[in-house]
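Colleague: Could you take one part of this model and describe it closely, together with what surrounds it? I should like a connected account that says how each term is applied.

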Amino acid sequence: MITDPATDVFEQHRPVLMGVAYRMLGRVTDAEDVVQDAWLRWSAAGRDEVRDTRAYLVRITTRVALDRLRRIRARNEAYVGCWLPEPYAAEHVGLVPDTAEGALLTESASLAVLVLLESLSPLERAVFVLREAFGYPYGEIAAILDRAEPAVRQLAARARRHVDERRPRYDVDPGRRRELTERLLAAAREGDLDGLVRLLAPDARLVGDGGGKSRAPLRVLETADRIGRFLVGAARKSPPGRSVRLMELNGGPAALYLRDGAPDAVLQVDVVDGRIQTVHLIRNPDKLRSLVGL
C-alpha cells in the first residue's frame, strides 16, 4: 500500500491524538470525529511552517475537542438516567501500563476518573488531561489553549483540587480486580446473595447507564444488599444466547456480556480495601458499538 508522507506522519501521532480526544470527551465516536477533523485540517495546512508536528496536531485536536465538548454538555442535559463514559479497548486510548507514565495514562482513562472529569468545565478538563495525563508543561498548554500561563496554572490547580477531593483511593491491582470480578459474576450466576454481599463494601454503589435504550437502573443503587439482589435478579432473567468474557477495558479488567455474539453490556468494578466499592454497568447500545468484533 502506497501512502503519502502527510498521512504517514499523522498516523504516527494518531494514538496520542485519540488518547487526548477520548479523555476530553469520554465518547469513542466523538473522539474519532475529532481526530478525523484534525486530519482534514492537517492535510489542508501549510506544513512547511510547522516546526513541531506533535504539538501542532495536539493543539488542533484539543481545540476541536473543546468545541465539541461544549456542544455535548448541552446535549447531556436531556440524557435518560445516569451517564457513564463509553468503554474503550486499552490499546486505543494510549495506555502503556508497564511504565510510570503509563500508570498515569491508565488512571486518566478509567471510568471512575472520566466520570469525575465530567464535573469540570471544558477548559479545566482540557488542562487536566494535557497536564495530568500527558505531562505537558504549563507553557505548552498555554500555547495550545491560547491562554496566559498564569491562567493555565490556576485552571490546573482548580481541576486537580476538584478531582482529588472527589476521587476515592481505589485499589488498582489488576489481578485483584479481575479476581473479584470473576467471583462477582459467579455469585450472581449461582444466585448466591450472601456471597455477593460479602464481596461488596457495605456502602457500595452500582451505577447503570442504559441511556433510555436498554434496561438499567435509572438511579444509583446503594448498599451491598440492594446491589446483590439486583445482580441476582438480572442473572436469573438473563436471555438465551447470552455469554460473558473478561477483557481489558479502560485500563482494567471488565466483563463484556454478549448476546448472540453482539455486545450487550459491560460491567466493571472498582475496589477499595479488598472489597468492591463501585459497580459500573453500561448497557446503552450506542456506547457498545466500538466493542463489536473484539
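Modeller: The account below follows one strand, its partners and the segment after it. The model is predicted, so local features are taken at pLDDT of at least 70 and side-chain atom pairs at pLDDT 80 or more, while totals for chains, interfaces and linings use all residues. Residues are numbered from 1 along each chain as its sequence is written, and side-chain values use heavy atoms, without hydrogens and water.

The strand is β6, residues 275-282; strands are DSSP runs (E, at least two residues), numbered from the N terminus. Seven of the eight residues of β6 are buried, leaving the strand mostly covered; buried here means under 20% relative accessible area, with a 1.4 Å probe and protein chains only.

Strand β6 pairs with β1 and with β5, pairing being taken as at least two DSSP bridges between two strands. Strand β1 spans residues 200-209 and runs parallel to β6, to which six bridges join it. On the other partner, β5 covers residues 262-272 and is antiparallel to β6, with seven bridges between these two strands. Ile-276 has a place in both pairings: Leu-200 stands opposite Ile-276, and Val-271 has Ile-276 as its bridge partner in β6.

The connection from β5 to β6 is a hairpin, with two residues between the strands. Asp-273 belongs to that turn, and its phi is positive, at about 55°.

Beyond the strand, Lys-287 lies in the segment after β6. Is this lysine, Lys-287, buried or exposed? Lys-287 counts as buried because its relative accessibility is 7%. Its surroundings can be listed residue by residue. With neighbours within four places in sequence left aside, Lys-287 is in contact (heavy atoms within 4.5 Å) with Tyr-79, Trp-83, Leu-84, Pro-85, Glu-86, Pro-87, Asp-209 and Ile-282. Two of these contacts lead back to the strands already described: Asp-209 falls within β1, residues 200-209, and Ile-282 within β6, residues 275-282. Leu-200, which stands opposite Ile-276, is 26 Å from Lys-287, C-alpha to C-alpha, and the two are 87 residues apart in sequence.

Taken together, β6 is a mostly covered strand, joined in parallel to β1 and in the antiparallel sense to β5, and the segment after β6 holds the buried Lys-287.

Conventions
Buried < 20%, exposed > 50% of the residue type's maximum accessible area, 1.4 Å probe, protein only. Helix = DSSP H or I, 4+ residues; strand = E, 2+ residues; numbered from the N terminus.
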